[in-house]
Every structure is written in C-alpha cells, then in structure tokens.
Amino acid sequence: LKLQPRGSHCMEGCFAPLLRALRSALGGMSAAVQDDATSAAASAAASAADLEQAAKKARTTAAGIAAVAGGANGLDGAATPAPRGAEGRRLRKEQNREQHREKAREHKKERKRAQLQRRQEAKRKVLESMTPEECSAFLVWQKTEGLALKHEADASLRRAFEDGKPKVVINCSFSHIMHYKEQTSLAKQAQMSYVAIRDMRSPIQLHLTSVNAENPSLRPLEIIGMRGWILHVHEEPVWKLFDLSKLVILTPDADEDLEEVTEDKIYVIGGIVDRSVSKMQSRQQAEEHGALCLRKLPIKAHGPRGAHPVLNIDIVVRILAERLSRGDDWPGVLAACLPSRYSGGPTGRMLRKERARQRKAASQDGTEAGARAAGSDDGEDEDDVDDDGDGEGEGGCGGGGAGAVDEEDRVGAEASAAESCGA
C-alpha cells in the first residue's frame, strides 16, 4: 500500500474491502490469542492457589506431628493441650507412678552397685594384708572352693531332677488373671524356689505346669533364666499330668492343716501373685478338677501369733524342704523359714537401714580419727625434729597404726570375700 502512488483513489477503492477483511481477521485472531492467554493465566493462577493450599495443609500436618512427637518425648516445641477432667487426672497419676517406678529402679541399681563396691573393698583389704605367697594361695583356694560348690550344687539338682521325692508343683495356670508386674513377681518367686532347693541340697523335685505359649508368664520366666534351670517344665496343666489321688493342694482357704510331708505325695502350690488377695481361687480350681485333698500350712497352730497365712511361693517351698529334713518340728520349721516380720522382728528394709546407719557412723568416726591422727602427726613432726640436720625425727618411721588391720576385721573380710566368690 505504501508503494502505491499518491492520489490513486481507484486502487484504494479496490483494496478497501480487502483491508477491512484483513483488519477484522487480525482483530479476531488477537482477541482469540488474548482469550487463550487470559485463560492460561487464570488456570496457572488456580494451579498456584491449589499448590499454596496443599503446601499450607502439609505445613499444618507437619506441625501437628511435631507437636505430638514433642509431647510424647518431652521435647521442646508446640505441645498439644493437656486433657482435662478425669482423663487428665488419670494420665497425671500414670505419669507419677512411672516416675516413681523409674526412681525405684535407679535406687535399686545404686544399692546393688554400693553392695558390690563394699564386697570388692573388703576383698581388696584382705588381699593387701597378705604376703604375695598368701595372696596367691588364697586366690587358688577361692577359685577351687567356688568350683567345688558349683559342682556339688549341680549334682544335687541333677539327682533331684531325676529321682527326687516328693514332687512339688508350681501351678502357673492363674497368670491370665494377673497383670505384668504380678507375672514378673511370679517368675522371681519361682527362681527363688529353685535357688532354695539348690542351696539346701533338698531332694525335692520341682515342676512348673501350664507354661505354654498362651501363658503370659512365659516371657518373664524366660527373661529371668528358666531355660537354664534344672527342673521340669510342662505345657500341660497339673490335672492332666499327675494322679489326682496323690495331689495335695496347698491353699490358705483349706479347712484342714498339713500335718506331715511324705515322699509319695505331690504338693501343688498355686502360682498366684496378687497385690490385693483374692480368696478361694486355688480351692475352686482344685474342686472343679476333682482334687479333694486340700491342706493349709499350720501357721495359726504352730507359727507366731498374728502371722498371715498367705505366703510367697518360695517361702512355702522352703517350709516343705525344712519339714522334710527336720521331721515333726513345725514350730522350729516355721521359725526358721517365715520372714522376721511374722515374729515381730525387724524387716529386711529395717535391717538394711540399720546397716546403712552403722556404715555411715563408722565412716564418720574413721574420718574424725584420721583428722586427729593427722593433727598429732603434725605436732610430732614439729616437736621431734632432731638437731643433726638429717631430716628424720622419732616419729618418721611410725606409720603402721593407720594402715594396720585387726585380726577380727581380717577374718571377717576373708569370710566376706569367700562368700562373694561362692555366690
């Protein structure tokens, strides 16, 4: 169009419709392109909004997870609000109980470590008071004695396992009504029963029944070392393993006392550990299975006044073993086997506290004596310096009193060291 000569109106008239058509076509194309661009921009904006919303949700979820994790693990950060009402009180009580249990576990570990350190210190003092030859002979004797005691205990357990009489059964079929702490206590009492038979060299043959995969006490028993014990473990209940006419069910709910312990009977102890004592459980189970010989230990007749008839399993096993070896001496058997709290004596906790007080007083007396000795030594060094200038006074060689060990202390330490080795 720019090349056309000026004033040529005919050319403009000829191309006018074409120009209008071109303009309209170009306008339509630009409008379509603009619409496409607008729609594309709108869709992109919508996609960006969706992405932003999804990211916000993800951030919210992550914050919630972090808050829950922080609240569960005690970490810093956003914590979820504590529940209120009865649920909140229950959770706080459970937390307090768990803290108390953790403190008790730590205290028990500390007490055991202190006990071990005292035994090691006693043994060290004994060895330091000996000559090298005596020390070597003592260590050899200690090792030999320990091995001999172990072989003797294993031989006794093996004889009881093969031909021991009478049979004593711990019925572990009550585990489903106990919670985990009571099941753990049952496993511990079974272990203490096994140790009592081993240490007393008793001919009693020990059995554990109903110890199968469905029994919740199986795991605590395995943890405490049952697989390494020399005793009989059965998956079946006691009612299917032995003749019912030979069973003597020991239960505090029985009407008659146990008068004697004979080798031809099988004595069944209910493996029940309940903090709040539930009555009639072992008696009802025995009557349901047709066992009619129910007996209780004659604690009221021959035991100390006010003694409770409900005892730990290991105490019952120890009473049966003592009665079998002593004969018809129920007062002596019960006096030897019942805990001291039954006879009005000090409990184990009271004895531990008394020993701790004695150790503390002895350490304080030793510290004061050492301070007085150090003061007297300083005075002697100042007063007894000789005039010859050789630097040696009369008290320079007199250091034997502070490190000397009395003969009584030495014998006690030797006994303690031998006992720790035997254990």
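1. Two strands pair if DSSP finds at least two bridges between them. This model is predicted. In it, strand 4 (residues 247-250) and strand 6 (residues 266-270) are joined by four bridges and run parallel. One position to look at is Leu250, which stands opposite Ile269 of strand 6.

2. Strand 4 also has strand 7 (residues 294-296) as a partner. Two bridges link strand 4 and strand 7, and the pair runs parallel. Ile249 faces Leu294 across this pairing. Leu250 has Arg295 as its bridge partner in strand 7.

3. Are the side chains of strand 4 buried or exposed on its two faces? Both faces are covered. Leu247 and Ile249 lie on one side, Val248 and Leu250 on the other, and all are buried. In general, side chains of a regular strand alternate between the two faces of the sheet.

4. Now the sheet as a whole. It is open, has seven strands in the order 3-2-1-6-4-7-5, and its pairing is parallel. Strand 3 (232-233) and strand 5 (256-257) are the edge strands, each pairing on one side only. Helix 4 (residues 180-200) packs on the sheet and touches strand 1 (167-171) and strand 2 (205-209). The direction of helix 4 makes about 165° with that of strand 2.

5. Helix 4 also meets helix 9 (residues 313-326). Their axes come within 8 Å and cross at roughly 20°. Angles under 35 degrees count as roughly parallel, so helix 4 and helix 9 are roughly parallel to each other. The crossing is right-handed. Helix 4 contributes Leu186, Gln189, Met192, Ser193, Ala196, Ile197 and Met200 to the contact. From helix 9 come Ile313, Asp314, Val317, Arg318, Ala321 and Glu322. By class, this contact has eight nonpolar, two polar and three charged residues.

6. How do helix 9 and helix 10 (residues 330-337) cross, and at what angle? Their axes come within 9 Å and cross at roughly 140°. Helix 9 and helix 10 are therefore oblique to each other. This crossing is right-handed. On the helix 9 side, the contact is made by Ile315, Arg318, Ile319, Glu322, Arg323 and Arg326. On the helix 10 side, Trp330, Gly332, Val333, Leu334, Ala336 and Cys337 take part. The classes here are seven nonpolar, one polar and four charged residues.

7. One detail links the two helix contacts. Arg318 and Glu322 of helix 9 are listed in the contact with helix 4, and Arg318 and Glu322 also appear in the contact with helix 10.

Definitions and conventions
Residues are numbered from 1 along each chain as its sequence is written. This is a predicted model: local features need pLDDT of at least 70, side-chain atom pairs count only at pLDDT 80 or more; totals for chains, interfaces and linings use all residues. Side-chain values use heavy atoms; hydrogens and water are left out. Buried means under 20% relative accessible area, exposed over 50%, partly exposed in between (1.4 Å probe, protein chains only). Axes are lines fitted to C-alpha atoms, for helices over the stretch in contact, and angles run from 0 to 180 degrees between N-to-C directions. Angles under 35 degrees count as roughly parallel, over 145 as roughly antiparallel, 65 to 115 as roughly perpendicular and the rest as oblique. A crossing is left-handed if the near helix is turned anticlockwise from the far one by less than a right angle, and right-handed if clockwise. Contact means heavy atoms within 4.5 Å. Ala, Val, Leu, Ile, Met, Phe, Trp, Tyr, Cys and Pro count as nonpolar, Asp, Glu, Lys and Arg as charged, and the others, Gly among them, as polar.
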